[in-house]
Amino acid sequence: MAIPTNFSAATARLLALAGFFLLLLGSSTAQAQYQLRGSVLDKETKEPIPFVSIGIPGTSLGTASNADGQFFLNLPSLPQRVVFSEIGHLRDTLVVTSTQKPFEVLLGSATITLPEVKVGSYAFQLVDRAYRHMADNYDTKFYGKAYYRQVTRIGAEPTELQEMIWNVKSNNARIEGTTTTQGRFAAKQALLNFTNFSFNTKGYGLYNPNADSTVSLALLSPNAVKNYYVELQGILEKGDANIAEITFETRPEVEGYQANGTVWIDTDTYKVVRFTITSPNYTSASQNPTYKLKNTLLTFDLSFQNTPDPVSPLDYMKVKLTADVLRPGTPITKLDVSSFTFFYDTNRKPTGIAYERGTLDEKDRETIRQAKYDPEFWANNPVVQRTPVEDEVIKSFEQKGAFGTTIKPKRK
């Protein structure tokens, strides 16, 4: 059910802060003529639903709700049908005839059932068929744009904010290449910084045709039975589709690698709908040899667009690293680095752009500095506006001074 409503005080405050942040970037122009805005909530709990896919059927226009369930979407005309879709909830369609007031979209939970089959064997069967489907369709290419945001926190204090707009080439398993068209960052002097955290997004994939399949540790490989325990949690009834929710974890006899997560697979098409995985096997070292990273956890979350086609493109990717920073003679410091990448304007038409594969030699800040900075672009881009920077991040950079493209340090 979708009904218009007024924003809460907290939501209004967050939007006001986003506006304040945009003023720091320069001048702005008028908003699009029809900007749909609102929030997506669980119908029963009234809790916000993050990263809901939102799109106009039959077009490439779309967005996703942010971490607080809020969304912005520019509409070319009225009326418009807008579809809201999220893996654990029922799809809903909103008919928009006016955008004067924000909307509150309530999504009901998807029904979960268990099939009358041997659960263990069925889960492995679905994983195997998803692997084969991904391998068979890996050569299907998608072209479009992606918005990347990264926030680093050390000891709960924000120390770095990075944002980039990429031209991106992808397939049903990963990003194949990018070119950076816009970028901005703000940072403070800190114990640690990550020169190339975006490589985790650019380089990670669910399937690699060049890997040795006989020793692959990926879930989507011929070795799933040997390397993983899997368990079918249930079948989500999503309209005409049934989505299997399967949890997995590495077997104890697998040496040198640990991981656990969840994969959602369409039981009819065998497309991977969403994939999450967490592993303690993060190997990057600190740039300061006296600092050690312990208790590391690296999480990847990949979601694919809800399309009726045999192959669906990426919708978003999230990467999160948490760790304890150990320094001689000082208490343990908590580290949290998180990034979110949203894919938009995706289609099958080749562009002729020279996309570059991500490498470990790249340096994100240098890439951002080399990109042309256009304040008006950032101030008026609805993809950016739908994910306002948190209050704590803005205040942290303002109060203690920052350097970079985004926020200039205060004069002393």
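The second largest pocket of this predicted model has a volume of about 750 Å³. Of the 32 residues that line this pocket, Ile56, Thr59, Gln305, Asn306 and Thr307 are the closest to its centre. Four elements each give two or more residues to the lining of the second largest pocket, namely β3 (53–55), β4 (62–64), β6 (80–86) and β19 (333–347), and the largest share, 6 residues, comes from β19. Sorted by class, the lining of the second largest pocket is made up of 14 polar, 13 nonpolar and 5 charged residues.

From here the reader can turn to the largest pocket, whose volume is about 1,200 Å³. Its lining is formed by 44 residues, and those that lie nearest the centre of the pocket are Phe199, Asn200, Tyr204, Leu298 and Phe300. The elements that contribute two or more residues to this lining are α3 (199–203), β16 (272–279) and β17 (292–304), and among the elements it is β16 that gives the most, with 4 residues. By class, the lining of the largest pocket has 25 nonpolar residues, together with 17 polar and 2 charged ones.

Charged residues also lead to another aspect of the structure, the pairing of side chains. Side chains of opposite charge can pair when their charged atoms come close. A search of the whole structure finds 13 salt bridges, and a few of them can be followed here one by one.

A good place to begin is Glu163, which lies in strand β11 (residues 157–170), while Arg149 lies in strand β10 (residues 142–154). The side chains of Arg149 and Glu163 meet in a salt bridge, with a distance of 2.6 Å from N to O, and the pair links distant parts of the chain, the two residues being 14 residues apart. Glu163 also meets the side chain of Arg184 in a salt bridge, here at 2.5 Å from N to O. This second pair likewise links distant parts of the chain, since Arg184 belongs to strand β12 (residues 175–187) and Glu163 to strand β11, 21 residues apart. Are the residues of these pairs buried or exposed? Arg149 and Glu163 are both buried, and Arg184 is buried as well.

The salt bridge between Arg369 and Glu366, in which the closest N and O atoms are 3.1 Å apart, is found within a helix. What separates Arg369 from Glu366 along helix α5? The two residues are 3 residues apart in helix α5 (residues 364–370), and they are therefore separated by about one helical turn. Arg369 has a relative accessible area of 46% and so is partly exposed, and Glu366 counts as partly exposed because its relative accessibility is 37%. Beyond such pairs, Lys141, Lys169 and Glu176 are linked in a network of salt bridges.

The last stop is a single residue, Thr99, which is found in the loop between β7 (89–96) and β8 (103–107). Why does Thr99 count as buried? Its relative accessibility is 14%, and buried means under 20% relative accessible area, so Thr99 falls in that class. When its neighbours within four places in sequence are left aside, Thr99 is in contact with Gln33, Tyr34, Gln35, Leu36 and Arg37, and also with Leu75 and Leu78.

Note on methods. Residues numbered from 1 in each chain as written. Predicted model: local features only at pLDDT ≥ 70, side-chain atom pairs only at ≥ 80, totals over all residues. Heavy atoms only, no water. 1 Å grid on protein atoms, 1.4 Å probe; cavity = no way out; pocket = protein on both sides within 12 Å on 5 of 7 lines; lining within 4 Å. Points joined across faces, edges and corners; volume = space filled by probe spheres on them. Nonpolar A, V, L, I, M, F, W, Y, C, P; charged D, E, K, R; others polar. Salt bridge = Lys/Arg side-chain N within 4 Å of Asp/Glu carboxyl O. Buried < 20%, exposed > 50% of the residue type's maximum accessible area, 1.4 Å probe, protein only. Contact = heavy atoms within 4.5 Å.
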